[in-house]
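Hi everyone, thanks for making time. I'd like to walk you through one model today, mostly its helices and then a few single residues. Have a look at it first.

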Amino acid sequence: MIKFFLTSFLTIGISLSSFAQWQQHIDYQMDIQMDVKTFQYKGRQVALYENHSPDTLRTVFYHLYLNAFQPGSQMDKNMQQVSDMPARFMHNAGTEAEPKYISKLSMLKDSEQGFIRLQSLTQNGKAASYKVIGTILQVTLPEPILPHGKATLTMDYTAQIPNIGVRMGRNSSDGVALSLSQWYPRICVYDTQGWHPYQYIFGEFYGDWANFDVKITLDKNYLVAGTGTLQNPEQIGFGYNNLKEVKTRQKTRTWHFKAEKVIDFSWAADPAYQHDIVKTKRGVELHFFYKNFPENWKKLQQIMPEVLDFYEAKVGKYPWSHYSFIQAGQGAMEYAMCTFIEGGKDPEALIKTACHELAHTWFQHIFAIDEQQYPWFDEGFTCFLQLWADAEVVKKEPVANFSEFRHKAFLKYVSENQEEDPSIRADFFERSRSYFSTAYAKGTMFASHLDYIIGRKAMERTFKRFYKEYAFSHPTPENFVRCAEKESGMQLFWFLKEFMHTTHHIGYCIEKVEAKGEKTLVTLTKKGRIPMPLDLIVIPNGQKPFSLYIPTDLTFGEKPNPFINMERIVLPIWNWVENTYQFELNLPFTQVRNISIDPQEFMADPNPECHNY
C-alpha cells in the first residue's frame, strides 16, 4: 500500500511538472499583397494552434496592434494623460506662451491611420463570432479546443500602415519606405496564468513561439529584409544585391520567408537598400540592410560578429542561422532574428544600440520574458549584457561595475521624489520617466547588485545555467534568482523582493573611526532599508592595503574574494535588523590612512559621500 502510494505520488509529481513546463505552439501561414502606394495590404492568415495546456479553450484572443494608431485609441488617450510623454509623439496645439500639447495620433487623417479589419474568420471551416475591443480581437470558438488538441484558424483581412509609428510605420525619418512590426493579427499568449490580452498602449510585448511561412508580394523594385530565411533567392536575385538583374515582366515580386520557433515576424522594405553579409566564428550570418551612412554601417559590421560570439560565450548559443540589422522604424527595437535601427549619423551610438538590441535576443526572444509584467527583467539584464560587451569587446577593457551611469541617473530620479513601485505593469506607470528609470536603470542595477553579492564567476555560471534550464520557456525573475542560488550557495530571494518589489534603498555610512588602545574601532551605520553584504578597503600608512568583507545574515553564505591581489579578512555577520555595526582593526588609529565602503561603487546608495573615511 505504501509502495503504491509513493509510486502514484511520484507519477503525479512528474505529471504536474510537465504541466508546469508546457508552451502553446502556433504554425502561421501568411499571404500578403502589399500596395506600396496606398500603404495598404490584403492578408490571408492560416494559424494551426496547438493547445499544449491542460485546459479546454473556448475563447481565443488576438492582438490587432495597428488599431492603436487612430484618434481616440487607448494609445492616443494614454499619450494625452502621461505628463512627460516624449516630445516626438506630441504636437503643440497652443502657442509658445501657452502651450497645449496633444497626441500626434489625434491628428491623423483616415489615409494616415493604422488599422486591421477582418473580412472573415473561421475555425476548422466553421464561422467564428468575434468582437474587436481596441487592439484586441476576442474570438468565441464554434468548437472548444481540448487539452492537447489542435484547431485551424483562418482569416482574411485588410490593413493599413500608419503615417506615424511607435517603432514602425511608413516613410521613416531615414526615408525607409516600409517598417512592418506588430503588423499582423497575432494570437495572444495563453500560459499558466491564462490569456494575456494586453491592449497596445505604448510598446511592451509578450509572445508564444511559432513557425512562420510568409509570402509577401509587393512592387518588384523593393528589397525586403526581416525575420526568417528567404526560400526563393533564385527568383528574387541571389544575395539580394542582384535584385534588378532578375528580369520579370510582372510589376511585383513575391518574397517567401520561413522561420522556426520564433515569437514574432517583422519585415522592412525599400527600393534603395544596400545589403552586406559577414559571419561569426561559428558561422552565423549577420546581414546588414541600410540606405545611407554606409561608412558607419561598415564599422558596425566589423564589431558585431565578435559581440554575438561574446553573448554566446556568456549566456548560450544563438539558435538560428542568421541575424539582420535593418535600418528601419523609429528609434530601435529588437525583433525575431533582426533589429530595426533608426539613423546611423553617430557610429558609436549605432554600435551601442546594435549591441543592446542584439542582447535582447536572449532575454526577449530565447527566454521570451513577459515584458508587460517584468519590463525591468528584460531591459535590465539586456543592458547588463550590453555594458559587458561594450567594455570587453568594443573598448577591450575589463569591467568591474556595469551600471555606474545607471546609478547616477536613477538616484537623480529618486531625489526628485518621482519613484514608482518597480513591480507595476509596464503600461500602468504614471510617468514615462518612471517607467524608463525603473525598467532600464533599476533593472540594470538589480543585475549588477546581484553580480556584486554573489561574485562575477557565480554570475557567469548563473547565466549559463539559466539558459540551459529555461531557454524557450517564458521564465520569471524568480527562476533566474533560483539559478543564482544554486550557483552561489546563497539565499537570494530576499534581495529580489526588497530591490524590485519595494521603493526601499541601500544606505551605509562610516559613522566613526576612533582609537581603542593599540587598535582602531570602526562604527558603521545602516541608513537604508535594504541590507547588503559589504566590501571595504583599508589603506594603512606604510603597509599594503587589505580588504574586509561583512556578510549579511540573509544570504547564509559569502562570496569569494573579488580583490585577488589583496588579503581579505571576513568579519562577523551583520544581522539585517541591526542598524549599527562595530569592528576592530589590528592597527593603531594613527596608522589608518583611509577606509572605504564599496570601493568599486557597485551599490546604488543615495548618500555615498559617507562611504569614505
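Let me start with a pair of helices: helix 4 passes helix 5 in a right-handed crossing. By that I mean that the near helix is turned clockwise from the far one by less than a right angle, while anticlockwise would be left-handed. Helices here are DSSP runs of H or I with at least four residues, strands are runs of E with at least two, and both are numbered from the N terminus.

Quick housekeeping before I go on. This is a predicted model, with local features needing pLDDT of at least 70 and side-chain atom pairs counted only at pLDDT 80 or more, while totals for chains, interfaces and linings use all residues. Residues are numbered from 1 along each chain as its sequence is written, and side-chain values use heavy atoms, with hydrogens and water left out.

Back to that pair. Helix 4 covers residues 294–314 and helix 5 covers residues 347–366, and they pack at about 30 degrees with axes 10 Å apart. The axes are lines fitted to C-alpha atoms, for helices over the stretch in contact, and the angles run from 0 to 180 degrees between N-to-C directions. Who touches whom? On the helix 4 side the list includes Trp-297, Leu-300, Met-304 and Tyr-311, and on the helix 5 side it includes Leu-350, Ile-351, Leu-358 and Trp-362. Contact means heavy atoms within 4.5 Å.

Now helix 8, which gets most of my time. Its 23 residues, 432–454, should span 33 Å at 1.5 Å a residue, and the end C-alpha atoms are 32 Å apart, which agrees. The expected span is 1.5 Å times one less than the number of residues. There is a bend, though: helix 8 turns by about 30 degrees at Thr-438. That bend is the angle between axes fitted to the seven residues ending there and the seven starting there.

Is helix 8 buried or exposed? Of its 23 residues, 21 are buried, so the rest of the structure largely encloses this helix. The cut-offs are under 20% relative accessible area for buried, over 50% for exposed, and partly exposed in between, with a 1.4 Å probe and protein chains only. Right after helix 8 comes Gly-455, with a positive phi near 95 degrees.

So what packs on helix 8? Take helix 6, residues 375–394: the two pack at an angle of about 60 degrees, with axes 7 Å apart. Helix 6 and helix 8 are therefore oblique to each other. For the labels, under 35 degrees is roughly parallel, over 145 roughly antiparallel, 65 to 115 roughly perpendicular, and the rest oblique. This crossing of helix 6 and helix 8 is right-handed. Among the residues meeting there are Trp-376, Gly-380, Phe-384 and Leu-387 of helix 6, and Tyr-435, Thr-438, Gly-443 and Ala-447 of helix 8. Thr-438, you'll remember, is where helix 8 bends.

Then there's helix 10, residues 477–488, whose axis comes within 11 Å of helix 8's and crosses it at roughly 15 degrees. That makes these two roughly parallel. The contact is made by Phe-446, Leu-450 and Ile-454 on helix 8 and by Phe-480, Val-481, Ala-484 and Ser-488 on helix 10. Helix 8 passes helix 10 in a right-handed crossing.

Helix 10 itself has 12 residues and reaches 16 Å end to end, C-alpha to C-alpha, close to the 16 Å expected. Its buried residues include Pro-477, Phe-480, Val-481 and Ala-484. The buried residues pack against helix 6, helix 8, helix 9 (456–470) and helix 11 (493–500). And just after helix 10, Gly-489 has a positive phi of about 75 degrees.

Those two were glycines, but what about positive phi elsewhere? Gln-182 is not a glycine and still has a phi of about 50 degrees. Gln-182 sits in the loop between strand 12 (178–180) and strand 13 (186–187), and at 2% relative accessibility it counts as buried. Lys-261 is another non-glycine with positive phi, about 55 degrees. Lys-261 lies in strand 19, residues 252–262, and is partly exposed at 41%.

Last stop, Ala-127 in strand 7, residues 126–127. Ala-127 is exposed, with a relative accessible area of 66%. Leaving out residues up to four places away in sequence, Ala-127 touches Leu-121, Thr-122 and Pro-142.
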